[in-house]
Amino acid sequence: MKKCIYGVDITKEVTPTLVRDAIIQCFLKAHAQILEEMKEYGEFESEEEFERMKVFDVKLIVQKFFEDTGGSFENPTKNSIMKVMEKLQEFASNFRKPKIIKEHTKEIMTLINKLS
């Protein structure tokens, strides 16, 4: 069994903020190919700048879904994270196969289930 999911050590206490950050990492990983295709639409001074832009872009999506569901990005709760997960699954279904969405959701649910 995995000990670490998207940078979160599941053998230790898992907090809502850690789960939120793991969601961002998960979405970055799941959409890496699509995000890479964005490179041709902009000019970036370096690969580091492009990487920062990808993280910024994904973080904005996650922040927007927290806002849309009435949750707080800065102080997430288990309930708000669950609502955001529903929105992200819906969003991802526009360009990802259900099997991939299910795999990533299962990993994040492992973290959510560790929240009190």
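**Exercise 1.** In this predicted model, determine whether Phe66 is buried or exposed, and then classify the geometry of the ring pair that Phe66 forms with Phe73.

*Solution.* Begin with accessibility: Phe66 has a relative accessible area of 0%, and because buried means under 20%, Phe66 is buried. Phe73, the partner in the pair, has a relative accessibility of 9% and likewise counts as buried. Next, place the pair in its setting, which is a structure that holds 4 aromatic pairs. For Phe66 and Phe73, the ring centres are 5.9 Å apart and the planes stand at 85 degrees, so the pair is edge-to-face. The angle decides the class, because planes over 60 degrees apart count as edge-to-face.

**Exercise 2.** Identify the residue that lies over the face of Phe73, and name the residues that ring pairs link into a cluster.

*Solution.* Take the face of Phe73 as the starting point: Arg20 lies over it, at 4.5 Å from the ring centre. Then turn to the cluster, in which ring pairs link Phe27, Phe65, Phe91 and Phe95.

**Exercise 3.** Locate Thr105 among the secondary-structure elements, decide whether Thr105 is buried or exposed, and list the residues that Thr105 touches beyond four places away in sequence.

*Solution.* The element comes first: Thr105 belongs to helix H5, which spans residues 98-112. The relative accessible area of Thr105 is 15%, so this residue is buried, given that the cut-off for burial is under 20%. When residues up to four places away in sequence are left aside, Thr105 touches Met85 and Gln89. With Gln89 there is also a polar contact, made between the side chains of Thr105 and Gln89 at 3.0 Å.

**Exercise 4.** Describe the backbone and surroundings of Tyr6, stating what sign its phi has and in which loop Tyr6 lies.

*Solution.* Start from the general expectation that most residues other than glycine have a negative phi. Against that background, Tyr6 has a phi near 50 degrees, which is a positive value in a residue other than glycine. Tyr6 is placed in the loop that runs between strand E1 (4-5) and strand E2 (8-9). Its relative accessible area is 15%, and Tyr6 is therefore buried.

**Exercise 5.** Establish how far apart Ala32 and Lys54 are in sequence and in space, and assign an exposure class to Ala32.

*Solution.* Ala32 is located in helix H2, which covers residues 32-37. In sequence, 22 residues separate Ala32 and Lys54, whereas in space the two are 8.6 Å apart, taken from C-alpha to C-alpha. Finally, the relative accessibility of Ala32 is 30%, so Ala32 counts as partly exposed.

Notes: Residues are numbered from 1 along each chain as its sequence is written. This is a predicted model: local features need pLDDT of at least 70, side-chain atom pairs count only at pLDDT 80 or more; totals for chains, interfaces and linings use all residues. Side-chain values use heavy atoms; hydrogens and water are left out. Helices (H or I, at least four residues) and strands (E, at least two) are DSSP runs, numbered from the N terminus. Buried means under 20% relative accessible area, exposed over 50%, partly exposed in between (1.4 Å probe, protein chains only). A polar contact is a pair of N or O atoms within 3.5 Å; within protein, one must be able to donate a hydrogen and the other to accept it, and residues adjacent in sequence count only if both atoms are side-chain atoms. Contact means heavy atoms within 4.5 Å. Rings of Phe, Tyr and Trp (its six-membered ring) pair if their centres lie within 6.5 Å; planes under 30 degrees apart count as stacked, over 60 as edge-to-face and the rest as tilted. A charge sits over a ring if NZ of Lys or CZ of Arg is within 6 Å of the ring centre and within 35 degrees of the ring normal.
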